[in-house]
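Trainee: Please take a close look with me at one part of this model, and then lead me from there to other parts of the chain.

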Amino acid sequence: MKPVLLFACLTLSATRIGLAHPEHEFMAGLTAPSPATVLLITPPELAEAWKPFAAWKKQIGKPVRILSTKQIAERYEAPDLQEKIRRCIRNHTDHLGTRWIILGGDSRENGTGGVPDRDTLHRTKSGDYDAVPTDIYYLSKKDWDSDNDGIYGEWEDDRESIDYPDGDVGLGRIPVRTAEDVRAYTNKVIAYESGYPGSDFATSMAYTSSVPSALDALQTDWDTHLSKVLKGGLVRHLSSGQQNAKPFNSANWINLINGRESGKIHMHGGGLHHGWLLEDDTVITFSHVAQLRNEGAYPFITTTSCFTGEFDRGEDPSIAESMIRQPKAGAIAIVAPSRAGRHGGTNLSMTRFWEHGLGKKVSAGAAMMLVKADLAPEALKSADLHFSTCGVNLLGDPTLGLRGTAPRTPSVAGPKKLPAGNLSLVIESDAPHSIVSLQDDFGLYAVTVSDESGNVVFPLNVVEESTITITVSGPEYNAVTLQIPVQ
Ligand SMILES: [Ca+2]
Ligand SMILES: [Ca+2]
């Protein structure tokens with residue numbers, strides 16, 4: 001059978017304006033010489049399991065290239081695997097149009113594990129040294145080891161070779177260990193992008209605190225920052241510090257998630273690797289996560305609680321990882337410190353993350369890297385800020401938008417069936433400026449943006465016994481798929 005040919009590929013001219021990742025960042029990779037808008041790095045044993053995730057992303061206009069750590073180890077020359085990964089990533093971002101990097105596996109202590117982190121060395125408050133998992137190293141133009149002693153990111157000795165992300169490429173880690181983890185997370189991502197709740201889930205922000213005295217600062221954060229970018233949004237405060245409030249304990253935490261009221265949550269207060277410390281001396285652990293029943297309503301969470309995002313410990317999972325991995329429940333993504341927080345840097349990271357993601361409408365991965373770019377001038381001058389810049393991570397899919405408005409599910413219409421041969425396929429929708437992809441069973445792939453009225457035309461040559469799959473998606477829509485048989 002002849003492959004189906006596309007006569008003309010309609011592409012949006014991806015004009016790069018000054019702002020990193022503009023609203024139509026979703027299209028930016030299309031001018032790339034190879035389909036590598038997203039690079040997903042996986043341990044070899046999970047490569048197969050990631051394919052449905054990659055297929056979904058391709059449907060919504062973000063082609064994914066999957067490379068295993070084994071392939072990278074074989075193809076790149078460098079002293080160790082981390083440095084090979086960094087060179088591979090720079091090759092993709094510099095030459096292949098890649099806009100997002102997904103570290104699609106967990107890491108373990110001392111830079112081992114499925115997709116290892118790069119450990120960088122920092123002095124702790126007590127004067128000891130600690131190795132901090134530093135995923136931003138992977139976006140760096142330099143190798144973070146100017147004195148060549150095999151110890152990376154030393155504040156004094158390696159200063160010349162440390163550089164920070166500029167926000168042009170988004171990065172995040174999905175800390176999965178098994179094929180089941182990958183399947184569960186993929187299903188959550190598809191739900192987030194195609195079945196997101198239409199209520200005020202998108203615009204409701206909950207601030208929780210086990211420290212009632214912190215409520216004033218959290219209210220100020222909402223008043224001066226978040227309310228400006230989540231316009232018309234609702235704010236909830238959960239802590240016994242409020243009048244007539246119930247204590248913020250484990251039962252009320254479960255109610256918060258299961259109530260499906262707030263799609264955005266900021267958690268303040270004490271933390272441990274395996275749990276969040278709440279009021280009434282309770283600790284939220286994986287056993288509470290197992291009680292969550294929030295299928296289809298997965299919140300984005302930021303937390304300043306120390307160690308809750310410590311993904312690199314041998315003991316696994318951290319509480320943030322439990323929330324990411326929990327099938328049909330938990331969170332879609334979490335921004336959390338992997339170590340003890342430092343005043344200033346950690347709080348600022350959380351606020352700025354929301355501001356970039358909601359205000360500039362960029363993806364979670366780009367928002368996180370813009371935070372790093374914001375911190376860079378101070379991180380160059382202060383070891384504390386350098387530590388915060390390295391130690392706060394996005395755990396979750398960096399290509400996701402933060403959903404600043406309740407999405408609409410578009411109506412999409414096309415022919416019931418198509419005759420074989422040359423034709424113009426007209427797809428009509430009520431979704432202006434949406435991303436419309438077209439695929440068939442034989443590798444045909446085209447992406448375009450719908451016009452003011454929501455319509456697109458694909459000039460095609462189709463063959464018998466194929467099926468054309470059309471997907472309409474976008475930051476403000478729930479993705480809709482239409483299949484058209486060719487007879
Ligand atoms: Ca060094
Ligand atoms: Ca882990």
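Mentor: Two residues are in contact here if their C-beta atoms, placed from the backbone, lie within 7 Å. This is a predicted model, in which local features need pLDDT of at least 70 and side-chain atom pairs count only at pLDDT 80 or more, while totals for chains, interfaces and linings use all residues. Residues are numbered from 1 along each chain as its sequence is written, and chains are lettered from A and ligands numbered from 1 in the order in which they are written.

The part I would choose is the meeting of two helices (helices are DSSP runs of H or I with at least four residues, strands are runs of E with at least two, and both are numbered from the N terminus). Helix α5, residues 215-229, packs against helix α9, residues 345-359, at an angle of about 25 degrees, and their axes are 8 Å apart; an axis is a line fitted to C-alpha atoms, for helices over the stretch in contact, and angles run from 0 to 180 degrees between N-to-C directions. That angle makes α5 roughly parallel to α9, the term being used for angles under 35 degrees. From α5, the residues Asp221, His225, Leu226 and Val229 meet Thr351, Trp354, Glu355, Leu358 and Gly359 of α9. Sorted by class, this contact of α5 with α9 has four nonpolar, three polar and two charged residues (Ala, Val, Leu, Ile, Met, Phe, Trp, Tyr, Cys and Pro count as nonpolar, Asp, Glu, Lys and Arg as charged, and the others, Gly among them, as polar).

Further along the chain, helix α6 (residues 250-258) has Asn252, Trp253, Leu256 and Ile257 as its buried residues, where buried means 20 or more other C-beta atoms within 10 Å of a residue's own, exposed means 12 or fewer, and partly exposed lies in between. These residues cover an arc of only 140 degrees around the axis, which puts them on the same side of α6; the arc is that of the directions from the helix axis to the C-beta atoms. Among the elements that cover the buried residues of α6 are β8 (204-209), β9 (234-238), β13 (283-284) and α7 (286-289). Arginine 260, which follows α6, has a positive phi near 55 degrees.

One of those covering strands, β13, leads to an open sheet of three strands in the order β11-β12-β13, with antiparallel pairing (two strands pair if DSSP finds at least two bridges between them). At the edges stand β11 (271-272) and β13, each with a single partner strand, so one side of each is left without a neighbour in the sheet. Strand β12, residues 275-277, is joined to β13 by two bridges, and leucine 277 stands opposite valine 283 of β13.

A separate place to inspect is the antiparallel pair of β5 (residues 119-123) and β6 (residues 129-133), which has five bridges. Histidine 122 has aspartate 130 of β6 as its bridge partner, and in the hairpin, with five residues between the strands, glycine 127 takes a positive phi near 95 degrees. Histidine 122 is also touched by tryptophan 155, whose contacts, not counting residues up to four places away in sequence, are His122, Ala383 and His386. Tryptophan 155 lies in the loop between β6 and β7 (170-173), and counts as partly exposed because it has 17 C-beta neighbours inside 10 Å.

Note on methods:
Parallel < 35°, antiparallel > 145°, perpendicular 65-115°, else oblique.
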